[in-house]
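Reader: Could you walk me through reading salt bridges in a model like this one? I'd like the general idea before the case at hand.

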Amino acid sequence: MSIEARDFVVGRNDIRQHKLLSHGLPAIGAGEVLLKVDKFAFTSNNITYAAFGDAMKYWTFFPAPEGWGRVPVWGFADVVASNAEGIAVGERVFGYLPMSTHLVVRPAQVKASGFVDASAHRAELALVYNQYTRVAGDAAYVREYEDQQALLRPLFMTAFFIDDLLADNDFFGAKAVILTSASSKTALGVAYLMSQNRDVEVIGLTSRGNAEFVEATGYYDRVVTYDDIASLPADLSVVFVDMAGDAKVIGDTHRHFGNAMTYSCVVGGTHWEARDGVGSLPGPKPVFFFAPTQIAKRTKEWGPGGIETRFAAAWKGFIASTAKWMKVIHGRGSQSVEAVYTDMVDGRVKPDEGHMLSL
């Protein structure tokens with residue numbers, strides 16, 4: 001066991017600022033477990049977590065010193081000490097983790113498939129982020145595909161429920177769906193799902209540099225660059241799903257389509273620095289998509305196992321299709337984490353790269 005713990009923290013008011021903190025291993029009390037973080041995925045979605053850290057309470061999950069935050073990530077960890085009944089040292093879990101080497105959790109609702117962290121500071125946070133899967137009880141787990149699971153499964157869960165929300169509302173009467181930041185992994189998941197079983201046109205908005213990659217995935221019916229939005233028919237009825245958070249792109253798209261836009265949904269902020277200053281817009285008011293809301297609705301409607309069964313079928317098809325466009329890159333140590341974090345903040349990471357990191 002390591003004799004110290006390390007945390008990678010970023011500035012809550014300036015996410016370009018970051019530093020590494022070292023301290024002694026955290027002690028665990030009765031009912032608690034110490035996890036050692038083995039590896040975690042880092043994607044543009046994690047920049048969204050940081051950019052919306054205060055607004056969406058992402059900083060609350062993993063407390064940090066005043067003015068600093070630990071960015072949530074998805075990954076794998078091993079139990080290295082346990083004072084919790086039913087949780088053994090050596091177990092491996094998958095779930096929401098900090099960019100750290102260690103995490104203390106308080107398992108509750110312990111089942112063969114997993115548990116919920118009942119730590120007091122997480123009590124009011126969305127349940128989906130507090131659940132940890134015990135890989136030994138996860139029928140969908142395959143060790144050789146751990147990287148793909150960490151990189152894509154949480155994002156694909158979001159994509160699954162974006163697709164489901166739109167289908168559940170008959171696409172708000174629209175004939176096409178426009179996805180910004182079309183090269184992002186969440187957008188690719190949505191586009192994949194719609195290309196499989198939805199009778200709507202799927203249009204991807206992206207940068208000129210990423211257009212060729214986006215087209216090559218085969219998920220989109222049409223790919224348009226941000227500077228060419230006006231080439232789309234202004235009378236085409238569209239749903240707008242924004243992954244970029246870029247005020248200019250949002251404004252240009254709303255103004256181009258006006259009332260032909262039937263629904264506007266904000267999901268992420270990959271263009272995090274350009275998200276302010278949208279102002280008043282024609283067409284529908286953008287609403288923020290929050291996956292747990294749709295999850296709660298479908299849990300009630302589909303009953304026990306309903307979500308898991310439907311998601312597993314969709315996930316299997318998607319993961320098979322990603323082999324043609326995603327390459328996994330591993331990085332270990334604080335310098336690797338810092339380099340990938342900086343590149344992601346600055347938008348320099350290639351869309352076909354999937355980064356797996358360890359401190």
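Author: Happy to, and keep in mind that this is a predicted model. Let's start inside one helix: E301 and K297 both sit in helix α7 (residues 291–302), four residues apart, which is about one turn of the helix. Their side chains form a salt bridge, with the closest N and O atoms 2.8 Å apart.

Reader: Is E301 buried or exposed, going by its relative accessibility?

Author: Buried means under 20% relative accessible area and exposed means over 50%, with partly exposed in between. E301 has 45% relative accessibility, so it counts as partly exposed. K297 is partly exposed as well, with a relative accessible area of 31%.

Reader: Which residues are joined into one network by salt bridges that share partners?

Author: Those are D38, K39, D78, R92, R143, E146 and D147.

Reader: What separates D252 and K248 in helix α6?

Author: About one helical turn, because they are four residues apart in helix α6 (residues 247–257). Their side chains meet in a salt bridge at 2.7 Å, N to O. D252 is partly exposed at 24% relative accessible area, while K248 counts as exposed at 56%.

Reader: And where do D117 and R122 stand, buried or exposed?

Author: Both D117 and R122 are buried, and their side chains meet in a salt bridge of 2.9 Å, N to O.

Reader: How many salt bridges does a search of the whole structure find?

Author: It finds 26 salt bridges. As for the charges themselves, the mean positions of the 34 positive and 40 negative ones are 3 Å apart.

Terms used: Residues are numbered from 1 along each chain as its sequence is written. This is a predicted model: local features need pLDDT of at least 70, side-chain atom pairs count only at pLDDT 80 or more; totals for chains, interfaces and linings use all residues. Side-chain values use heavy atoms; hydrogens and water are left out. Lys and Arg count as positive and Asp and Glu as negative; His and the chain ends are not counted. The place of a charge is taken as NZ of Lys, CZ of Arg, CG of Asp or CD of Glu. A salt bridge is a side-chain nitrogen of Lys or Arg within 4 Å of a carboxyl oxygen of Asp or Glu. Buried means under 20% relative accessible area, exposed over 50%, partly exposed in between (1.4 Å probe, protein chains only). Helices (H or I, at least four residues) and strands (E, at least two) are DSSP runs, numbered from the N terminus.
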